[in-house]
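Colleague: I am new to this one and would enjoy a guided tour. Please pick one stretch of the chain for a close look, and then follow the charged side chains outward from there.

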Amino acid sequence: MDTNTRSYSSMFVAYTSLYAYGLTESTAGVVRTFPEDANRTGTTGRLVAGMEAKIVNPNTGEAMLPGEQGELWVKGPSIMKGYAGDPEATSATLVDGWLRTGDLCYFDREGFLYVVDRLKELIKYKGYQVAPAELEQLLLSHPEIKDAAVVPYPDEEAGQVPMAFVVRQPQSSLTKAQIIDFVAKQVSPYKKIRRVAFVDSIPKNAAGKTLRKELNKLAVSRL
């Protein structure tokens, strides 16, 4: 290695990206990835020492098996005692020491956690639950889509249908029908996007989180 190459290489530091999951109510991390997990994609990691977790069917309260989606409940020494001055919210969130996270998740058979979406953001289509995040990932995989967000659109027959707000790449001539077809080929029938609207940008807060309430209002305004 010559001097110039060695000098150039010294400007870069090898690093490994690690992930973790926790909540304000847990006051500490619940799961995390470790260096040996660096090649795993999509997971937020395994339980940290002292923490317990289970996936619960939000409708029946039954524990789910590995690979099955449900609400993540966690328990451990760092879990909060409750919300100050709000016993109603406390009783709704804490059940026999278990913290209901409100997140739709699943564990694989090796104990790795995967976060799918927020339960309150799920789209209810004819009794099925559709995670907006799953559809958004598909949309963003299209080379002509710069940004996208999916929200529920009211429907008399189905209750709600997935509606996509899409920001196209510059000079793109992508049509609504092409977007609907692109997603339909990759998902179950009940997850299909039924409506598309093109926008200049997706509203987000300072942290980059999609402002779904604004998009929900925009969707309703198009009724």
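Modeller: Let us start with residues 134-209, whose end C-alpha atoms lie 16 Å apart. This span is 21% helix and 33% strand, where helices (H or I, at least four residues) and strands (E, at least two) are DSSP runs numbered from the N terminus. In the unreviewed UniProt entry, residues 134-209 carry the annotation "domain: AMP-binding enzyme C-terminal"; such annotations may be inferred rather than shown by experiment.

Two notes before going on. You are looking at a predicted model, where local features need pLDDT of at least 70 and side-chain atom pairs count only at pLDDT 80 or more, while totals for chains, interfaces and linings use all residues. Residues are numbered from 1 along each chain as its sequence is written, and side-chain values use heavy atoms, leaving out hydrogens and water.

At the start of the annotated span, Glu134 pairs with Lys191 in a salt bridge, with the closest N and O atoms 3.0 Å apart (a side-chain nitrogen of Lys or Arg within 4 Å of a carboxyl oxygen of Asp or Glu). Glu134 belongs to helix α3 (residues 132-140) and Lys191 to the loop between α4 and β13 (195-198), so the contact ties together parts 57 residues apart in sequence. Glu134 is partly exposed, at 28% relative accessible area, whereas Lys191 is buried at 15% (buried is under 20%, exposed over 50%, and partly exposed in between, with a 1.4 Å probe and protein chains only).

The loop between β12 (159-168) and α4 (176-184) holds Gln171. This residue is exposed, at 79% relative accessible area, and has a positive phi of about 70° although it is not a glycine. Most residues other than glycine have a negative phi. Thr27 also has a positive phi, near 60°; this residue sits in the loop between β1 (20-22) and β2 (29-32) and is exposed at 55%.

The far end of the span, Lys209, joins Lys120, Lys213 and Lys217 in a positive surface patch. Patch residues have over 30% relative accessible area and no salt bridge, like charges being joined within 9 Å. One member, Lys213, is in helix α5 (residues 212-221) and is exposed, with a relative accessible area of 69%.

Now for charged pairs elsewhere: the whole structure has 12 salt bridges. Arg40 and Glu110 form one of them, at 2.7 Å from N to O. Their contact links distant parts of the chain, 70 residues apart: Arg40 is in the loop between β2 and β3 (46-47), and Glu110 in the loop between β7 (98-107) and β8 (113-118). Arg40 is partly exposed at 29%, while Glu110 is exposed at 53%.

Asp103 and Arg118 make another salt bridge, with their closest N and O atoms 2.8 Å apart. Asp103 is in strand β7 and Arg118 in strand β8, so this pair connects parts 15 residues apart in sequence. Asp103 is buried, at 8% relative accessibility; its partner Arg118 is partly exposed at 29%. Finally, Glu36, Asp37 and Arg46 are linked in a network of salt bridges.

Notes
Patch = residues over 30% accessible without salt bridge, like charges linked within 9 Å, V, L, I, M, F, W, Y side chains within 5 Å. Areas by Shrake-Rupley, 256 points an atom, 1.4 Å probe, with all protein chains shown as cover. Lys, Arg positive; Asp, Glu negative; His and termini not counted. Charge placed at Lys NZ, Arg CZ, Asp CG, Glu CD.
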